[in-house]
Amino acid sequence: MNMTLAKLSVMILLSSLLIGCANDAKQLNWRPYKDIDGAVKEVSFVTLTEQHTDKSQESQPTERHFANLAIPFGETKTVKRLGEIFPLGQLNNHYAIATIFLVNDKSLNIYQAEDVQTLAKAKDFDFYEFGGMRLSHAKFTANSEICKDFNGKNGVNLLMTTNYYPQNSFTDFYTALLDVNLQSKRTPQEIGYNASFTGSDAKLQQRMKQDEQQQGKALAVANVKEKASILFNIICK
């Protein structure tokens, strides 16, 4: 994908998720989600413009996109930087998925070979994706190294929550918790799956429960395939 187009796609995509322009928690719009530890947390998105000098010595603006976490502080909240957002693939053949890759809380760029090698050799890494009215946090964990174990007998453990937002709601959502072992030469034999519901809007709750009953497990299988493809096609290729 052309990187200029990809960055534009991320900007368009994040605008639908809510972008802020400041680091003041009161000025940001927060998206709630249930994390892999079972806690409901909040995330917001910011775009920062930086100036750099090109080959013609002219100053050019560069936009970078970040996600922030809300940290409770007494009766208010403070802002913690989660990581820098980079595009990954496409959504409905148009927009790139907004993603974050973290090793030891350090944000990595999947378009940099050195960072991909860091992910490949890591014992664990975190992956976040935002868009399509869903928000996911996945934890990949290996006994030794991610790619060594993925291509070996141990496999890589994947623990993930994906939060789904009907009508782009900021109050009501449902969460699929997945637990599975991924191996490059073997299809997962069992996928741990559990669904939970957050919010109090009766109509949305009814819709979410119907959606989950009709397609929850099928979405879980598709989600596992998506995350395995990150190892197959990007990190361990």
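Here are a few worked exercises on the structure above.

**Before you start.** This is a predicted model, in which local features need pLDDT of at least 70, side-chain atom pairs count only at pLDDT 80 or more, and totals for chains, interfaces and linings use all residues. Residues are numbered from 1 along each chain as its sequence is written, and side-chain values use heavy atoms, with hydrogens and water left out.

**Exercise 1. Find out how many helices and strands the chain has, and what share of its residues is buried.**

Step 1: Go through the DSSP runs, taking helices as H or I with at least four residues and strands as E with at least two, numbered from the N terminus. You end up with 4 helices and 13 strands.

Step 2: Sort residues by relative accessible area: under 20% is buried, over 50% is exposed, and in between is partly exposed (1.4 Å probe, protein chains only). Of the 237 residues in the chain, 44% are buried.

Step 3: Look at contacts, meaning heavy atoms within 4.5 Å. Among those with a separation of 6 or more, 50% are between residues 24 or more positions apart.

**Exercise 2. Check helix H4 against the span of a straight helix.**

Step 1: H4 covers residues 202–235, which is 34 residues. The expected span of a helix is 1.5 Å times one less than its number of residues, and for H4 a straight helix would reach 50 Å.

Step 2: Compare that with the model, where the end C-alpha atoms of H4 are only 42 Å apart.

Step 3: Now look for a bend, the angle between axes fitted to the seven residues ending at a residue and the seven starting there. H4 has a kink of about 60°, centred on Gln215.

Step 4: Finish at the start of H4, where a side-chain oxygen of Asp201 comes to within 3.1 Å of the backbone nitrogen of Lys203.

**Exercise 3. Work out which face of helix H2 is buried.**

Step 1: List the buried residues of H2 (residues 113–121): Asp115, Val116, Leu119 and Ala120.

Step 2: Look down the axis of H2 and take the directions from the helix axis to the C-beta atoms. The buried residues fall within an arc of 145°, so they line one face of H2.

Step 3: Recall the general pattern: an α-helix has 3.6 residues a turn, so residues three or four places apart point the same way.

Step 4: Check the other side of H2, where Glu114 and Lys121 are exposed.

**Exercise 4. Locate the salt bridges, and say which parts of the chain the Arg64 and Glu84 pair links.**

Step 1: Search for a side-chain nitrogen of Lys or Arg within 4 Å of a carboxyl oxygen of Asp or Glu. The whole structure gives 11 salt bridges.

Step 2: Take Arg64 and Glu84, whose side chains meet at 2.6 Å, N to O. This pair links distant parts of the chain, with Arg64 in strand E4 (residues 59–73) and Glu84 in strand E5 (residues 76–84), 20 residues apart. Arg64 is partly exposed at 28%, while Glu84 is buried at 14%.

Step 3: Do likewise for Asp126 and Lys139, with their closest N and O atoms 3.0 Å apart. Asp126 sits in strand E9 (residues 124–131) and Lys139 in strand E10 (residues 134–141). Asp126 is buried at 13%, whereas Lys139 is partly exposed at 23%.

Step 4: Trace shared partners, and you get one network joining Glu129, Arg134, Glu226 and Lys227.

How values were computed
A polar contact is a pair of N or O atoms within 3.5 Å; within protein, one must be able to donate a hydrogen and the other to accept it, and residues adjacent in sequence count only if both atoms are side-chain atoms.
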